[in-house]
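Trainee: I am new to this structure and would like a close look at a single part of it, with its surroundings explained step by step. Could you take me through it slowly?

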Amino acid sequence: MNQKNSSYLQLIKAIPKSLQFFLNVCLVLLALILSSLLCKELIQFLKILIFNNDGGDYKLFLANILIFFLYFEFITMIIKYFKENYHFPLRYFIYIGITAMIRLIIVEHDHPINTLIYSLIILILIVSYFIINITPLERPVRSSLFMKKEQ
């Protein structure tokens with residue numbers, strides 16, 4: 001019985017470790033793919049700057065810059081994941097959301113209602129970022145909601 005219990009405990013410990021390893025390998029592959037896409041965007045910028053002397057479409061150029069920042073932020077988030085002991089900081093998701101909404105406003109600003117909605121989303125993300133920064137990092141161990149009432 002004890003041998004069966006021991007092998008069960010080893011299996012319970014091995015499953016999260018193997019899943020964590022699989023996740024880490026996938027994130028490294030994703031970081032490599034994003035890095036290659038980032039280099040591709042950089043080459044696009046150089047082509048626009050060197051070969052496009054007629055001014056070009058500045059909206060497309062700004063949209064490409066923001067796509068570049070999105071790739072950059074995702075790569076930074078993956079790096080932070082490994083540096084912060086396998087934890088994605090929430091603030092990076094907020095940065096990515098703000099950048100994505102700004103890109104939408106630049107690219108698709110034909111409809112004023114949609115632009116207003118995108119602006120409100122940016123405001124909500126900024127307020128949530130502010131709330132994250134003013135809350136303490138460490139949570140109290142015991143909360144009054146979870147304490148048992150003594151009789």
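Trainee: Is Arg 91 buried, partly exposed or exposed, and what is its relative accessible area?

Mentor: Please keep in mind throughout that this is a predicted model. Arg 91 has a relative accessible area of 29%, and because buried means under 20% and exposed over 50%, Arg 91 counts as partly exposed. Its side chain meets that of Glu 84 in a salt bridge, with 4.0 Å from N to O, and Glu 84 is likewise partly exposed, at 30% relative accessibility. Side chains of opposite charge can pair when their charged atoms come close. The count for the model comes to 1 salt bridge.

To place this pair, it helps to step back to the whole chain, which has 4 helices and 0 strands, so that its elements run α-α-α-α from the N terminus on. Of its 151 residues, 21% count as buried, and among contacts between residues at least 6 apart in sequence, 62% join residues at least 24 apart.

Arg 91 belongs to helix H3, which covers residues 90-107. At 1.5 Å a residue, the 18 residues of H3 should span 26 Å, and because the C-alpha atoms at its ends are 26 Å apart, the expected and the computed span agree. The buried residues of this helix are Tyr 92, Ile 94, Ile 96, Gly 97, Ile 98, Thr 99 and Met 101, and what covers them includes helix H2 (58-83) and helix H4 (112-134).

From H3 we can turn to the interior of the model, where the largest nonpolar core has 11 residues, including Leu 27, Phe 45, Ile 67, Tyr 71 and Tyr 81. Helix H1 (2-51) and H2 each supply at least two residues of this core, and the largest share, 6 residues, comes from H2. Apart from this core lies another, of 6 residues, among them Ile 94, Met 101, Ile 122 and Leu 125; Ile 94 and Met 101 are also among the buried residues of H3.

Tyr 81, a member of the largest core, touches Gln 20, Leu 23, Asn 24, Leu 27, Tyr 86, His 87 and Phe 88, when residues up to four places away in sequence are not counted. One of these partners, Asn 24, has its place in helix H1 and counts as buried at 13% relative accessibility; leaving out residues up to four places away in sequence, Asn 24 touches Tyr 81, Phe 82 and Tyr 86. Another asparagine, Asn 64, lies in helix H2 and is buried as well, with a relative accessible area of 13%. Leaving aside neighbours within four places in sequence, Asn 64 is in contact with Glu 41, Phe 45 and Ile 48.

On the outside, Phe 82 and Tyr 86 appear again, since they form a nonpolar surface patch together with Phe 21, Val 25, Val 28, Leu 29 and Leu 32, with about 670 Å² of accessible area together. H1 gives the most to this patch, with 5 residues, and Val 28, whose place is in H1, is partly exposed with a relative accessible area of 41%. The chain as a whole exposes about 12200 Å², of which carbon and sulfur atoms supply 69%.

Technical notes:
Residues are numbered from 1 along each chain as its sequence is written. This is a predicted model: local features need pLDDT of at least 70, side-chain atom pairs count only at pLDDT 80 or more; totals for chains, interfaces and linings use all residues. Side-chain values use heavy atoms; hydrogens and water are left out. The expected span of a helix is 1.5 Å times one less than its number of residues. Buried means under 20% relative accessible area, exposed over 50%, partly exposed in between (1.4 Å probe, protein chains only). Contact means heavy atoms within 4.5 Å. A nonpolar core is a set of buried Ala, Val, Leu, Ile, Met, Phe, Trp, Tyr and Cys residues joined through side-chain atoms within 4.5 Å. Accessible areas come from the Shrake-Rupley method with a 1.4 Å probe; for residues, only the protein chains shown count as cover. Patches are made of residues with over 30% relative accessible area and no salt bridge: like charges are joined within 9 Å, nonpolar side chains (Val, Leu, Ile, Met, Phe, Trp, Tyr) within 5 Å.
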